[in-house]
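Work through the two exercises below with the model open. Each task is followed by a solution in steps.

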Amino acid sequence: MNEQKALVDFPTRITNRVKTPCYLISSEVIRRNCELLASVQQRTGAKVLLALKAFALPAVFPLIARHLSGVCASGPIEARLGREEFGKEVHTYSPAFTDSQFERTLRYSDHIVFNSVSQWQLFRDKIPAEKKVGLRVNPGYAEVEVDLYNPCIAGSRFGVQPQDLEGVDLSGIDGLHFHALCEQGADVLVRVLKHFEQRFGHLIEKMKWINFGGGHHITRSTYDVELLVETINAFRARHNNIQVYLEPGEAVVYHAGVFVTSVLDTLTNGMEIAITDCSAETHLPDVLAMPYRPHLIGAGQPDEKAYTYRLGGNSCLAGDFIGSYSFDAPLKRGDRLVFTDMALYSFVKNTTFNGVELPDLVLLSEDKRLSVVRSFGYQDYKSRIS
Ligand SMILES: *Cc1c(COP(=O)(O)O)cnc(C)c1O
């Protein structure tokens, strides 16, 4: 990422003021991202939804809801949060519902998207006429290199294949949904859309809406917004002006947050090691799952600067390392480390595994005031297990 930009949005004089560890979220960056997404809505007639899976912070829902059309949820509790705290359209997709989950999902959702014909047939008679019903389809094509995030990999459990629909009467289904992108550009959407239309194009004329899923990295500086706009407009023109939805998560809060942590101790074991007051396992899980090495403001690649450290967390997991970084000066207790692009897939995935405490959630307002949205303690740990 552009380090200058991170320093402008999260200057040291501000990151020095928070208690660590904490996620620091900028309202201003979210507003800027939402303005771009709103311009896509305005130029295409598509509706853009926030994927709650990536980011769910009710404190900024009023801000996001001013620009976007609603949320997409993955089950009853996200759907309820969307209905009660966001207050616009709620679309819910889940790979499969229990009876209870379905009943609660229905209550809080405007659109329900089923993953299979059998799930739809199981629940269809319980769905009132005013609800919109969709089917997730598998476009059979994706360019996601990490298998963990590839919904079209061989053996994928996501979405129906064309052969699953042979002989099936689709009356009652009014939309199709596909999701096959991950942090990708409009050029990839063009290719996925081509496969989607080759496989399912004959069904589109019977539909009222098509949901292009998430993974569109629209707010990245190198994203080709013009190509996205052209692609949606051409698709709508080909298909009788059908309603299109996009449901990005990452793009809504891209670069809108940092994670601020402090050095607690340093030691040497064949290399220099620093132990921080955070944990990759519990606070930055994608670092271990993806895996990736997050950008750290002011630090270089190993050996690029004079002092290289392997940064580790304060859990008992042997592999709880964030990565190796180099610094201009030796690290010491109390030094602050600021990791960038930490609003997305971060605090929504946190756990208290190993008794590691949860970081504060802090909001930076447009006029540079800090407010602690939530801090956590013993009760948060205990309430999940007793
Ligand atoms: C994860 C997910 C999204 C959001 O994806 P981003 O990569 O955060 O944009 C949207 N829709 C579905 C079905 C998803 O699984």
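A polar contact is a pair of N or O atoms within 3.5 Å. The model is predicted.

**Exercise 1.** Find which residues lie closest to the ligand, and list polar contacts that the ligand makes.

*Solution.*
Step 1. The ligand is surrounded by 13 residues. Lys53, Gly215, Glu247, Gly249 and Tyr345 are the closest.
Step 2. Sort the shell by class: four residues are nonpolar, five polar and four charged.
Step 3. Apply the 3.5 Å cut-off. Lys53 places a polar side-chain atom 2.7 Å from an oxygen atom of the ligand. In the side chain of Glu247, an N or O atom is 2.8 Å from a nitrogen atom of the ligand. Gly249 contributes a backbone N or O atom, 2.8 Å from a ligand oxygen atom.
Step 4. Consider the cover. On its own the ligand has 390 Å² of accessible area, and the protein covers 88% of this.

**Exercise 2.** Determine how helix 8 and helix 9 are oriented to each other, and which residues meet.

*Solution.*
Step 1. Locate helix 8 at residues 186–204 and helix 9 at residues 225–238. Their axes come within 11 Å and cross at roughly 10°.
Step 2. Angles under 35 degrees count as roughly parallel. Helix 8 and helix 9 are therefore roughly parallel to each other.
Step 3. Read off the contact. From helix 8, residues including Leu189, Val190, Leu193 and Phe196 take part. Their partners in helix 9 include Leu227, Leu228, Thr231 and Phe235.
Step 4. Sort this contact by class: nine residues are nonpolar, one is polar and three are charged.

Notes:
Residues numbered from 1 in each chain as written. Predicted model: local features only at pLDDT ≥ 70, side-chain atom pairs only at ≥ 80, totals over all residues. Heavy atoms only, no water. Near = heavy atom within 4 Å. Polar contact = N/O pair within 3.5 Å; in protein donor to acceptor, adjacent residues only side chain to side chain. Areas by Shrake-Rupley, 256 points an atom, 1.4 Å probe, with all protein chains shown as cover. Nonpolar A, V, L, I, M, F, W, Y, C, P; charged D, E, K, R; others polar. Axes fitted to C-alpha atoms, helices over the stretch in contact; angles between N-to-C directions. Helix = DSSP H or I, 4+ residues; strand = E, 2+ residues; numbered from the N terminus. Parallel < 35°, antiparallel > 145°, perpendicular 65-115°, else oblique. Contact = heavy atoms within 4.5 Å.
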